[in-house]
Amino acid sequence: MIPFPHLSGLDLALSIALGIGLAAAVGFRVFLPMLVVSIAAATGHLTLGSGFAWLATPAALLMLSVATVLEILAYYIPGVDNLLDTIATPAALIAGTVVSAAVMTDVPPLVKWTTAVIAGGGAAGLTQGLTSLLRAKSTLTTGGLANHVVATGELGGALLLSLLALAAPLAAVGLVALFCWFAVRLARRLLRKDRARQPASAPTPSSSRGGG
């Protein structure tokens with residue numbers, strides 16, 4: 001780990017873990033983790049990095065509150081949820097980078113932005129991609145009937161991960177790793193089931209010749 005005279009190794013690890021945890025939460029819901037950061041900063045429970053004081057302003061708090069409510073409701077509308085996934089993917093990358101950089105205080109700019117882009121944006125993109133895949137599979141297999149369950153799980157995950165990142169950043173990173181492991185295993189299982197169905201549904205040579 002790169003030594004910094006003004007920052008211990010543990011403090012640096014906690015700062016980076018906080019950024020990664022919040023960024024991963026952005027992959028579930030773009031605006032909810034940012035709202036949690038805004039509330040925590042406005043109430044004095046979180047210190048923001050230089051240049052991110054705007055997140056604690058009343059205007060930002062109001063804007064993020066409205067955006068969070070609209071985003072939550074939109075994911076419960078059939079068809080709109082899948083459309084939002086295509087929009088949320090690039091938005092999550094940007095928001096994950098911003099929110100992770102905002103909470104990395106006392107970190108040199110080069111280290112901060114490199115970590116925010118690679119780790120923060122990467123964590124947000126990974127969780128967003130995995131949840132989008134799960135929603136797409138849910139739409140195909142259940143006709144969208146189970147999408148509400150996926151949306152509720154994402155909402156709970158975003159809130160839980162955001163609060164956990166503020167209280168115990170290292171535990172939040174561990175939870176992110178556990179979720180990614182579980183989601184990848186589930187995605188592989190679903191893909192194997194799809195491949196197993198394809199030969200069974202394909203016409204056999206004898207049936208394709210007909211009765212002639």
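## A tour from the salt-bridge network outward

Begin by selecting E154 and R29, whose side chains meet in a salt bridge with an N to O distance of 2.8 Å. This pair links distant parts of the chain, since E154 sits in helix α6 while R29 belongs to the loop between α1 (9–26) and α2 (31–42), and 125 residues separate the two. Colour both by accessibility, and E154 and R29 will each come out as buried. Bear in mind throughout that the model is a predicted one.

**Extending the selection to R135 and D85**

Keep E154 selected and add R135, which forms a salt bridge with E154, the closest N and O atoms being 2.6 Å apart. Because R135 lies in helix α5 and E154 in helix α6, this pair ties together parts that are 19 residues apart in sequence. The relative accessibility of E154 is 3%, which is why E154 counts as buried.

Now add D85, and look at its side chain where it meets that of R135 in a salt bridge of 2.6 Å, N to O. D85 lies in helix α4 (residues 80–103) and R135 in helix α5, so here the parts tied together are 50 residues apart in sequence. Both D85 and R135 are buried.

With these four residues displayed, how many salt bridges does the count come to? The count comes to 3 salt bridges, and R29, D85, R135 and E154 are linked by salt bridges in a network.

**The surroundings of R135**

Centre the view on R135 and display helix α5, which spans residues 109–142 and contains this arginine. Is R135 buried or exposed? R135 counts as buried because its relative accessibility is 1%, under the 20% cut-off. Leaving aside neighbours within four places in sequence, the residues in contact with R135 are Y75, D81, N82, D85, N147, V150, A151 and E154; showing them as sticks brings the salt-bridge partners D85 and E154 into the same view as the other contacts.

**Along α5 to Q128**

Stay in helix α5 and select Q128, which also lies there. Q128 has a relative accessible area of 1% and is therefore buried. Which residues does Q128 touch, not counting those up to four places away in sequence? They are G27, D85, A88, T89 and A92, so D85 can be left on display from the previous stop, as it is named among the contacts of Q128 and of R135.

**L166 in helix α6**

Move next to helix α6, residues 147–167, and select L166. This leucine is partly exposed because its relative accessible area is 30%, a value between the 20% and 50% cut-offs. Beyond its neighbours within four places in sequence, L166 is in contact with L18, V36, A40 and L46. Add H45 and draw a distance between the two C-alpha atoms: L166 and H45 are 121 residues apart along the chain, and their C-alpha atoms are separated by 8.9 Å.

**Two patches on the surface**

Switch to a surface representation and select L160, L175, L178, W181 and F182, which form a nonpolar patch with about 520 Å² of accessible area together. Which helix gives the most to this nonpolar patch? It is α7, with 4 residues. L175 lies in α7, and its relative accessible area of 30% is why L175 is described as partly exposed.

Then select R185, R188, R189, R192, K193 and R195, which form a positive surface patch. R195, one of this group, lies in helix α7, residues 169–201. With 58% relative accessibility, over the 50% cut-off, R195 therefore counts as exposed.

**Stepping back to the whole chain**

Finish by clearing the selections and viewing the complete fold as a cartoon. The protein chain has 8 helices and 0 strands, and its pattern along the sequence reads α-α-α-α-α-α-α-α. Of the 212 residues in the protein chain, 40% are buried. Among contacts between residues at least 6 apart in sequence, 71% join residues at least 24 apart. The accessible surface of the protein chain comes to about 11,100 Å², and carbon and sulfur atoms account for 74% of it.

Conventions. Residues are numbered from 1 along each chain as its sequence is written. This is a predicted model: local features need pLDDT of at least 70, side-chain atom pairs count only at pLDDT 80 or more; totals for chains, interfaces and linings use all residues. Side-chain values use heavy atoms; hydrogens and water are left out. Patches are made of residues with over 30% relative accessible area and no salt bridge: like charges are joined within 9 Å, nonpolar side chains (Val, Leu, Ile, Met, Phe, Trp, Tyr) within 5 Å. Accessible areas come from the Shrake-Rupley method with a 1.4 Å probe; for residues, only the protein chains shown count as cover. Lys and Arg count as positive and Asp and Glu as negative; His and the chain ends are not counted. The place of a charge is taken as NZ of Lys, CZ of Arg, CG of Asp or CD of Glu. Buried means under 20% relative accessible area, exposed over 50%, partly exposed in between (1.4 Å probe, protein chains only). Contact means heavy atoms within 4.5 Å.
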